[in-house]
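Biologist: I'd like to learn how to read a model like this one, going from single residues up to the whole chain. Can we walk through it together?

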Amino acid sequence: KPFFLGEYGADAFNAKIGREDQESQAVATKALTQEIVDHSSVTGGSCIGGFVFELADEWWKVGKSSAWVHDNGGQAPGSGPYPDMTFNEEWWGLVDIDRNPRKALLALGEVAIPIAR
């Protein structure tokens with residue numbers, strides 16, 4: 001049966017190094033997108049697509065401080081994403097709070113979209 005991935009991606013904060021890690025977010029975003037393409041219904045697979053979570057950072061999500069502070073950490077079910085196994089809820093954007101593109105947005109654009117023949 002066909003399936004659609006409603007949300008996929010990785011956050012841009014790496015708790016292992018205590019700072020933003022755009023490179024790891026880009027690696028994860030590209031790998032997950034390529035996995036969707038590799039199983040695309042356009043080329044005989046069962047995946048009809050997916051949406052990258054999230055366009056822009058969401059500074060209000062953690063609640064440790066004000067909505068004007070970019071916090072790390074957060075709560076979500078299951079284990080966290082690559083590379084630190086931590087859900088850094090305010091850092092999922094392909095663009096930052098000022099709408100500056102992150103490396104993950106560029107990596108997303110590097111994945112070739114399948115074409116029906």
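Biologist: Let's start with one residue. Where is N88 found?

Modeller: To place a residue, look for the elements on either side. N88 sits in the loop between β4 (47-52) and α2 (103-109). Keep in mind that this is a predicted model.

Biologist: Is N88 buried or exposed?

Modeller: The idea is to compare relative accessibility with a cut-off: buried means under 20%. N88 has 1% relative accessibility, so it counts as buried.

Biologist: And what is N88 in contact with, outside its own stretch of sequence?

Modeller: For that, skip the neighbours within four places in sequence. What remains for N88 is D11, F13, A15, N72 and G73. F13 belongs to strand β2, which covers residues 13-14.

Biologist: Which side chain does the side chain of N88 make a polar contact with?

Modeller: Here you look at pairs of N or O atoms. The partner is the side chain of D84, at 3.3 Å.

Biologist: Now a helix. Which helix does A107 lie in, and is A107 buried or exposed?

Modeller: Same routine: place it, then check the accessible area. A107 lies in helix α2. Its relative accessible area is 7%, and the cut-off for buried is under 20%, so A107 is buried.

Biologist: What does A107 touch?

Modeller: Leaving out residues up to four places away in sequence, A107 touches A26 and K30. You can also set sequence distance beside spatial distance: A107 and V52 are 55 residues apart in sequence, and their C-alpha atoms are 12 Å apart in space.

Biologist: Zooming out, in what order do the elements of the protein chain run?

Modeller: Read from the N terminus on. The order is β-β-β-α-β-α, which gives 2 helices and 4 strands.

Biologist: What share of the contacts comes from residues far along the sequence?

Modeller: Take the contacts with a separation of 6 or more as the base. Residues 24 or more positions apart account for 61% of them in the protein chain. As for burial, 38% of the 117 residues count as buried.

Biologist: How are the charges placed?

Modeller: One way in is to compare mean positions. The protein chain has 10 positive and 17 negative charges, and their mean positions are 4 Å apart.

Biologist: Last one: what pLDDT does the protein chain average?

Modeller: Check the average first, then the elements. The chain averages 89, and 95% of the residues score at least 70. Among the elements, β2 has the lowest mean pLDDT, 92, while α2 has the highest, 97.

Terms used
Residues numbered from 1 in each chain as written. Predicted model: local features only at pLDDT ≥ 70, side-chain atom pairs only at ≥ 80, totals over all residues. Heavy atoms only, no water. Buried < 20%, exposed > 50% of the residue type's maximum accessible area, 1.4 Å probe, protein only. Contact = heavy atoms within 4.5 Å. Lys, Arg positive; Asp, Glu negative; His and termini not counted. Charge placed at Lys NZ, Arg CZ, Asp CG, Glu CD. Polar contact = N/O pair within 3.5 Å; in protein donor to acceptor, adjacent residues only side chain to side chain. pLDDT = per-residue confidence, 0-100.
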